[in-house]
Amino acid sequence: MQFSDLGLENSLMSTVEHLGFTEPTEIQQKAIPAAMSGHDLIASSKTGSGKTLAFILPAMQRLLKNRALSKKDPRVLILMPTRELAKQVYSQLRMFTSASQFKAVLILGGENFNDQVKTLEKDPHFIVATPGRLADHLSQGHFYLNGLELLILDEADRMLDLGFATQLTQINNAADHRKRQTLMFSATLDHAQVNDFALALLKKPKRIAIGSAYTEHQDITKRFYLSDNLTHKEALLEHFLANETYQQVIIFTATRSDTDRLANILIEKGISASALSGELNQGQRNQIMDSFCKGQNKVLVTTDLASRGLDLLNVSHVINFDMPKHAEEYVHRIGRTGRAGSKGDAISFVGPKDWLSFKNVEGLLQQTTQFDFFNGLKAKFTGLKPKKTKKIKTSSDSKSKNQGKSKSALPVKSNIKTFLLAKEVGDMPVLRKKKALPVDKIESSDLEES
Ligand code: ADP
Ligand code: MG
């Protein structure tokens with residue numbers, strides 16, 4: 001199948017051609033026609049498989065072909081769990097909107113609130129946003145969603161994990177046009193909370209699952225190294241950096257304090273490394289991400305914050321300095337390499353503290369691991385004895401523990417009722433004047449990231 005078989009408007013086709021894409025990926029082949037025919041969708045496919053265009057193209061097509069339901073309200077809202085991710089989607093979207101009459105804006109937590117109020121007053125057609133900040137603006141009446149035609153939730157499971165259930169509910173209730181269409185995307189949909197949410201948000205959705213999120217990513221080689229302790233892990237890391245060829249490396253640690261510590265150790269060794277730690281303000285974080293994207297730094301040390309969705313083509317290696325707590329997070333972390341058909345390496349250090357997480361990952365990947373070792377750095381640790389009961393741990397298993405800074409995530413079950421009771425505006429024209437509200441809130445709580 002070619003892009004030209006999808007029946008897209010000429011202007012969209014020329015941008016696709018400009019991007020150099022001829023064949024839609026599998027998820028694009030399935031999701032684009034389904035979304036264009038007006039269905040609600042719940043779609044999953046592995047990371048790096050092109051989900052972004054799978055929703056941008058039908059969204060653009062809809063705006064080009066259909067008349068707006070309201071004059072002022074946004075027509076398409078794309079929600080993403082993190083600021084970094086939202087920026088990436090926004091830049092892909094801009095490639096399409098810049099050649100059109102449609103305005104797209106980016107509304108993120110951690111940035112100036114009043115500037116965003118002004119941006120929203122310009123009645124954009126597209127909003128790309130993180131849910132916390134957008135819900136704040138919605139509460140204060142800075143824009144309305146009654147005329148919204150298309151609600152897109154990308155990385156839905158992650159948004160729920162970060163504790164955005166309340167904000168998503170609020171946004172869903174505000175976007176109450178009968179003709180609203182909803183598209184939900186994620187690498188992982190076998191997540192109990194996502195399914196409950198999908199039931200509440202989507203109308204007779206089509207399910208599209210391309211493989212399992214956990215199917216082997218063929219372009220990524222996985223290696224596991226046993227390790228004794230922190231010092232030993234550092235020695236393994238140094239050995240790797242000194243002896244192997246790499247383009248760029250993302251190193252994942254369990255805690256934020258470790259990101260700084262490790263980056264400093266690397267810098268002392270003369271390696272250009274930076275840490276995406278929680279202490280930084282948004283400007284500093286942007287700067288670090290930008291310089292890493294531009295290749296100015298070889299190594300980025302981070303926690304799971306950067307593990308979803310980020311599309312960094314030059315990341316040749318992902319190193320799990322510590323194993324992730326949740327097995328599914330492993331899949332997302334290693335998905336930062338091997339993007340768009342290039343090869344990648346995922347290296348994991350497994351010490352006594354990582355053992356249980358490692359066994360969960362092994363269970364998820366359905367493999368028996370042959371450990372690798374570097375000469376002279378073989379660990380004494382050989383693994384822990386298996387426990388009697390073995391259960392694959394998923395993030396839904398630890399509900400309240402892993403809610404990040406979530407303030408008041410309601411249990412999803414109670415949200416469902418709210419959805420079902422939500423009134424529909426139907427075909428009524430959306431006539432409303434904007435209330436001028438005092439803008440007294442400068443900075444909302446920074447909920448967007450843990
Ligand atoms: P996902 O959201 O599934 O993780 P992305 O949408 O971020 O994946 O896409 C991953 C990469 O693949 C991006 O660099 C994107 O430009 C590229 N890509 C998307 N669609 C195609 C296509 N049809 N052909 C080739 N490359 C594509
Ligand atoms: Mg994505």
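In this predicted model, arginine 83 is buried, because 24 other C-beta atoms lie within 10 Å, and 20 or more are enough for a residue to count as buried. Arginine 83 belongs to helix α4, which covers residues 83-97. Its C-alpha atom is separated by 9.3 Å from that of asparagine 286, although the two positions lie 203 residues apart along the chain count.

Two open sheets organise the description that follows. One of them has seven strands in the order β3-β4-β2-β5-β6-β1-β7, and the pairing is parallel. At its edges stand β3 (104-107) and β7 (206-209); each has a single partner strand, so one side of each is left without a neighbour in the sheet. From one strand to the next, the twist averages 15°. Helix α3 packs on this sheet, where it touches β2 (76-79), β5 and β6, and its direction makes about 175° with that of β5. Within the sheet, strand β5 (residues 150-154) runs parallel to strand β6 (residues 181-186), and five bridges join the two. Here leucine 153 of the pair stands opposite methionine 184 in β6.

It is worth pausing on the nonpolar interior. The largest nonpolar core holds 68 residues, of which Leu77, Val128 and Ile152 touch the most other members. Helix α3 (residues 51-65) gives the most to this core, contributing eight residues. Around valine 128, and leaving aside neighbours within four places in sequence, the contacts are Ile78, Met80, Ala86, Val89, Tyr90, Leu93, Ala104 and Leu106. A second core, separate from the one just described, has 39 residues and includes Tyr225, Leu262, Phe321 and Tyr330. In soluble globular proteins, nonpolar side chains tend to be buried together.

A helix pair comes next. The axes of helix α6 (residues 131-139) and helix α8 (residues 165-174) come within 9 Å of each other and cross at roughly 50°, which makes α6 oblique to α8. The crossing of these two helices is left-handed. On the α6 side, the contact is made by Pro131, Gly132, Leu134, Ala135 and Leu138, and α8 supplies Gln167, Leu168, Gln170, Ile171 and Ala174.

The other open sheet is formed by six strands, ordered β8-β13-β12-β9-β11-β10, again with parallel pairing. Its edge strands are β8 (220-226) and β10 (273-276), each of which pairs on one side only. Neighbouring strands in this sheet are turned against each other by 20° on average, direction ignored. Helix α11 (residues 256-268) packs on the sheet and touches β9, β10 and β11 (299-302), with a direction that makes about 175° with that of β10. Strand β9 (residues 248-252) pairs with strand β12 (residues 315-320) in the parallel sense over five bridges, and the bridge partner of isoleucine 250 in β12 is valine 318.

The edge strand β10 can be followed residue by residue. Ala273 and Ala275 point one way from β10, whereas Ser274 and Leu276 point the other way, and all are buried. Strand β10 pairs with β11 in the parallel sense over four bridges, and leucine 276 stands opposite threonine 302 in β11.

Key:
Residues numbered from 1 in each chain as written. Chains lettered and ligands numbered in written order. Predicted model: local features only at pLDDT ≥ 70, side-chain atom pairs only at ≥ 80, totals over all residues. Pairing = 2+ DSSP bridges. Axes fitted to C-alpha atoms, helices over the stretch in contact; angles between N-to-C directions. Contact = placed C-beta atoms within 7 Å. Core = buried A, V, L, I, M, F, W, Y, C linked by C-beta atoms within 7 Å. Buried ≥ 20, exposed ≤ 12 C-beta atoms within 10 Å, placed from the backbone. Parallel < 35°, antiparallel > 145°, perpendicular 65-115°, else oblique. Left-handed = near helix turned anticlockwise from the far one by under 90°.
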